[in-house]
Amino acid sequence: MPVTEYRGTCPLDCPSACALLVRVDAKERLESIRGNPDHPFTRGVICGKVNRYREIQEGPRIEHPLVRTGSKGQGQFRKASWDEALDIVAQNLRQAMEQHGPESILPYYYGGTMGIVQRPAWDRLTHRLGWSRLEKNICSGIGQAGWQAGVGKGIGPDPKEMLESDLIILWGINAVSTNINLMTFVKEARRRGATLLVVDPYRNRTARLADHHVAPRPGTDAALAVAMMHVLLEEGFEDKSYLAAFTDFDAELRAHLGERTPEWAAAITGLTAAEIRAFARRYGQARAPFIRIGYGMTRHNNGAVNVHAVSCLPAITGAWARPGGGILFSTGDALRINDEPVRQTAWMDPSAVTRLLDMSRLGAILTDTSLAPPVSALIVANANPAASCPDLRRVHAGLAREELFTVVHEQVMSDTALWADVVLPATTFLEHADLYKSYGQNTLQYARPVLPPRAQARCNHDLVNAIAKRLGCDDEPFTWSVSETIERTLAASGVPATDAWNGKSWLDFTPDPDAAHFRKGFAQPDGRFHFRPGWQNTRMPPLPDHWPVNQRDQLHHAERYPLDFMTPPAHDVLNSTFTAAEEARRRRGPPRLWIHPDDAQARGIEDGAPVSVFNDLGGLTMTAKITSDVRPGLCLCESNYHGAEFPEGVSLNALTHGDRVAPAGGAAFHDNRVEVKALDRRGRERTFPVL
């Protein structure tokens with residue numbers, strides 16, 4: 001059967017935003033997806049998850065609007081027409097605004113698509129009607145706060161500069177599983193003689209490839225970085241002229257770092273003082289060390305402090321100034337997109353700015369009886385909060401409220417869709433147009449639809465406009481098509497229209513090396529890198545330091561729940577959408593708890609046996625995977641899983657606390673404490689004789 005090949009872009013929440021070549025057969029079915037070898041960063045490489053996207057595209061999609069018939073959470077629905085479904089949605093939204101005011105409505109969206117037009121489309125209605133706004137911090141907010149405190153802007157050396165580095169440090173990023181394109185340059189740099197060092201609390205796929213693996217306790221990255229700075233200063237690796245010209249380094253900071261010895265850090269990190277010294281010397285001796293920070297190290301109560309401390313290292317040695325040297329957290333500020341045509345912030349009344357609700361604390365928001373007005377209508381799109389939010393049992397309790405009207409726009413029957421009053425079928429990225437930028441490379445991409453919408457699916461943009469019409473909003477932006485909104489957004493951003501892209505599907509906005517390395521000054525008012533982070537939260541340390549505010553540091557958690565618990569991303573599943581694919585679930589297997597042999601032996605746990613993992617928030621049944629790939633005192637389960645894959649019917653974040661993280665919110669997914677008990681094969685707690 002003849003096939004047609006189209007150019008596309010991966011929309012999923014990953015640093016790469018891979019350029020794709022999509023093959024479609026004559027019956028308008030997806031045949032295959034592969035990487036576009038012409039793209040300057042992704043270079044034809046894509047992950048196995050997207051390579052197998054046909055499992056989602058042609059798999060068990062939601063095809064028609066659905067209206068709830070059974071109890072909330074049971075997933076019992078009947079089919080409805082779009083007209084009926086939209087009438088129900090509009091009626092309930094109008095009723096919520098009349099009874100409780102516009103702020104009683106909360107649109108909840110995030111990274112199910114990273115499209116510039118489709119993802120934030122819901123802001124149009126929010127700004128037009130005065131609904132509650134969403135504080136979008138669940139993924140990157142903690143890390144961005146830490147990075148901005150020192151560097152001031154979300155750019156850094158082009159990842160391709162790794163080819164000029166002699167030491168590459170991947171710190172808190174399992175790139176083999178979450179940023180495979182980065183590994184293209186890592187591997188080439190190693191062939192040219194570079195050393196790869198990975199900092200991560202467990203031996204994941206990336207750590208297994210490293211020349212050196214440093215495994216500190218979770219949430220102790222700042223202690224490690226501060227002790228490294230002590231060694232760099234003590235042993236003469238500092239660049240005094242760079243410190244004087246480009247930073248706020250002073251005698252007080254020198255004295256502070258002089259007290260933060262490797263021995264001090266060893267007690268905190270669980271590393272030996274010798275390991276810390278060796279790491280620092282390796283860094284100090286490198287000609288052009290390149291650090292790539294990942295989100296893993298940010299997902300702790302002290303995550304912002306950790307990021308800031310690590311970002312100080314190239315300032316100490318002057319590595320920022322050298323080709324192939326420096327540090328990168330995000331490329332997000334390399335291209336400033338003016339998305340006003342999409343979001344219409346001008347509609348907000350400056351005299352009555354609506355409230356901002358923390359998306360990471362959705363459970364608390366939905367169950368807070370003192371919140372005025374209460375959230376009485378929830379719109380969910382591009383997100384699955386019933387799986388991805390912390391403190392899941394409270395999220396589920398909120399979603400179970402009979403007086404809460406919930407509408408979910410979704411591709412597959414997700415954990416959240418099961419709780420909906422109305423489910424609306426959503427298009428995939430192959431079925432709608434959009435613009436994409438990245439936080440791990442520097443191109444802006446445009447992708448046209450290459451397939452018709454599945455059955456009755458509609459894209460975010462069109463759904464928002466349809467609801468606006470039913471709510472009586474006749475403003476012109478609600479009449480624009482997707483294509484018209486794309487072109488208006490490009491024009492507002494000073495970017496050429498798509499028909500002027502010379503046949504390409506991307507434009508390259510890589511900053512010049514001087515800007516990327518801040519050779520003319522940092523993006524701070526004084527032009528200097530800030531060792532003094534200037535946190536507005538006065539509880540946070542005023543200088544780079546370990547900040548002991550993790551769950552481990554709270555005695556009531558540490559004593560009752562002796563194990564650290566993390567939920568890092570799995571290799572075969574990028575986000576919870578993939579849990580709908582039976583083949584993806586088969587490859588990943590059932591939920592497994594990685595636990596060290598010493599911790600397993602102390603609890604009578606056998607490899608492959610069922611275990612109960614629990615804390616004050618809840619408990620989950622998993623299968624034990626006894627391995628030295630996790631350090632003693634640490635256990636973890638690689639996500640994502642559908643709640644239905646656990647006997648308890650709720651997913652991993654049932655064990656994740658929902659406390660607000662300083663200084664600007666976010667979710668501490670890796671900062672949890674648990675206990676683990678052995679179960680018999682029937683799932684009952686095993687009893688042991690008293691010795």
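Before we look at anything, a word on terms: a crossing of two helices is called left-handed if the near helix is turned anticlockwise from the far one by less than a right angle, and right-handed if clockwise. Please also keep in mind that what you have in front of you is a predicted model.

With that term in hand, let us begin with helix α3, residues 82-100, and helix α20, residues 460-470, which pack at an angle of about 60° with their axes 9 Å apart, and where α3 passes α20 in a right-handed crossing. On the α3 side the contact is made by W82, D83, L86, D87, V89, A90, L93 and R94, while α20 brings in L463, A466, I467 and R470. Sorted by class, this contact has eight nonpolar residues and four charged ones, with no polar residues.

Let me turn to strand β8, residues 167-171, where five of the five residues are buried. In a regular strand the side chains alternate between the two faces of the sheet. In β8 both faces are covered, with L167, I169 and W171 buried on one side and I168 and L170 buried on the other. As for its neighbours, β8 pairs in the parallel sense with strand β9, residues 195-199, over five bridges, and there W171 has V199 as its bridge partner. Strand β11, residues 289-293, also pairs with β8 in the parallel sense over five bridges, and in that pairing I169 stands opposite I291.

Finally, consider helix α9, residues 221-234, whose 14 residues should span 20 Å at 1.5 Å a residue, and whose end C-alpha atoms are indeed 20 Å apart, so the two values agree. Of those 14 residues, 13 are buried, and just after the helix G236 takes a positive phi of about 80°.

Definitions and conventions. Residues are numbered from 1 along each chain as its sequence is written. This is a predicted model: local features need pLDDT of at least 70, side-chain atom pairs count only at pLDDT 80 or more; totals for chains, interfaces and linings use all residues. Side-chain values use heavy atoms; hydrogens and water are left out. Helices (H or I, at least four residues) and strands (E, at least two) are DSSP runs, numbered from the N terminus. The expected span of a helix is 1.5 Å times one less than its number of residues. Buried means under 20% relative accessible area, exposed over 50%, partly exposed in between (1.4 Å probe, protein chains only). Two strands pair if DSSP finds at least two bridges between them. Axes are lines fitted to C-alpha atoms, for helices over the stretch in contact, and angles run from 0 to 180 degrees between N-to-C directions. Contact means heavy atoms within 4.5 Å. Ala, Val, Leu, Ile, Met, Phe, Trp, Tyr, Cys and Pro count as nonpolar, Asp, Glu, Lys and Arg as charged, and the others, Gly among them, as polar.
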